[in-house]
Amino acid sequence: MDFETIGVVGAGVMGRGVAQTLAAHGMRVVLLDREPDILDAARDEIAQSLRLTGLFGKAIDDIPAVLDRIVTDTDYAQLERADFVVENITEKEEWKAAIYPVMDCVCRPGVIFAANTSCLSITRIASWTGRPDRVLGMHFMNPVPLKPVVEVIRGVHTRDDTLDQARVFLAQMRKRAVVVNDMPGFVSNRVLMPTINEAIWVVQDQVAPPESVDRIFQSCFGHAMGPLATGDLIGLDTILLSLENLYAAYGDPKFRPCPLLRKMVDAGFLGRKSGKGFFEYS
Amino acid sequence: MTSEIRAAIRGFVLAFVKDDLLDDDENMFELGYVNSLFAMQLVMFVEKTYGFSVPRDDLKLSNFQSIDAIVALVEERLGSAR
């Protein structure tokens, strides 16, 4: 294998999924987070998720062996061993800005940094390092082990061979890349967010209730999930934030958030995580 | 006992599926109503509610694709534990 030890920075939902997938495909993982409690929870959840792998395909024979390949730590100096780094910390620019100089200092020169983000500028993230040609975006989808394709983002300075190596890295996790250029929202969010927003306008205008809107996408278009259930899953506060970011970036009124979306966020109806959004969750 | 299990499972499923007309033998995944995240939540709901761990060989989608299939799995596990 070209990449044997992978640094995974941030052990939230996305970091856990990335770490699990890497370890399940034979790589060694150094999973880092500031919080020991989050690392413990990550290990438990990865173990549970590995057990459920058989639901969606081939069951994993030796789960303890997979877990043994994951080392968790709060010390970023551990990244000196990494052949490739995937950064998954919360999508707050100032948090990410604090960590990249540390990664840049600890990691060997030439080691690639993949920023797992759905919205932040890859070119800006790259500017926080002394290796902007070795930085690219990898927008993994949730749940990571089950999603075969990753939206890969090329920043202004990203070198061709960085992208080539990123493809090799992803192939080691049995995933493929769709490479896009760096503009706000990339492809995924730039198209998805206005779609969810428009679905909310439709509800606000009483064209149809949420159930009907989503049924049309699921049963007529064959989407696995309707736009409103997707909004509930992502979190309506995140949807609002993403739309505000797109609106600010492009200054285009097509990204203006629907008033009903604002009202729901103000009311604390954030979707699945709060038990209620456009649908109710027990 | 069976009717209680069926009602509990139907209640959990319908909270996600939002279709009162869903028949107990219909495949929720083929209907496009639910996805992989739901499948995982369903397994955890069943394990927590009925206090057993689904063995590896039974962890397959066909055992969770319809309300009938889930009820059968739960009854078999509860029966074999007795």
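Which elements of chain A do the buried residues of α2(A) pack against? Keep that in mind as you click around; this is a predicted model.

**Stop 1: the helix.** Select residues 36-51 of chain A, which make up α2. You get 16 residues spanning 23 Å from first C-alpha to last, close to the 22 Å expected at 1.5 Å a residue. Now show side chains for A:Leu39, A:Ala42, A:Ile46, A:Ser49 and A:Leu50, the buried residues of α2(A). They sit on the same side of the helix, because their arc around the axis covers only 95°. Flip to the face turned away from that buried side and you'll find A:Asp37 and A:Asp44, both exposed.

**Stop 2: what the helix leans on.** Here's the reply to the opening question: the buried residues pack against α1 (13-24), β2 (28-32), α3 (63-68) and β3 (70-73) of chain A. Add β2 and β3 to your selection, and you'll see α2(A) lying across them, at about 160° to β3(A).

**Stop 3: the sheet.** Bring up the rest of the strands: eight of them form an open, mixed sheet in chain A, ordered β3-β2-β1-β4-β5-β6-β7-β8. β3 and β8 (176-181) of chain A are the edges, each with a single partner strand, so one side of each has no neighbour in the sheet. Neighbouring strands are turned by 25° against each other on average, direction ignored.

Zoom in on β7 (149-154) of chain A, which runs parallel to β8(A) and is joined to it by six bridges. Pick A:Val152 there; its bridge partner in β8(A) is A:Val179.

**Stop 4: two cysteines.** Select A:Cys220, exposed at 56% relative accessibility, then A:Cys258, buried at 0%. Over all chains, the disulfide count is zero.

Technical notes:
Residues numbered from 1 in each chain as written. Chains lettered and ligands numbered in written order. Predicted model: local features only at pLDDT ≥ 70, side-chain atom pairs only at ≥ 80, totals over all residues. Heavy atoms only, no water. Disulfide = S-S within 2.5 Å. Buried < 20%, exposed > 50% of the residue type's maximum accessible area, 1.4 Å probe, protein only. Helix = DSSP H or I, 4+ residues; strand = E, 2+ residues; numbered from the N terminus. Expected span 1.5 Å × (residues − 1). Arc of directions from axis to C-beta. Contact = heavy atoms within 4.5 Å. Pairing = 2+ DSSP bridges. Axes fitted to C-alpha atoms, helices over the stretch in contact; angles between N-to-C directions.
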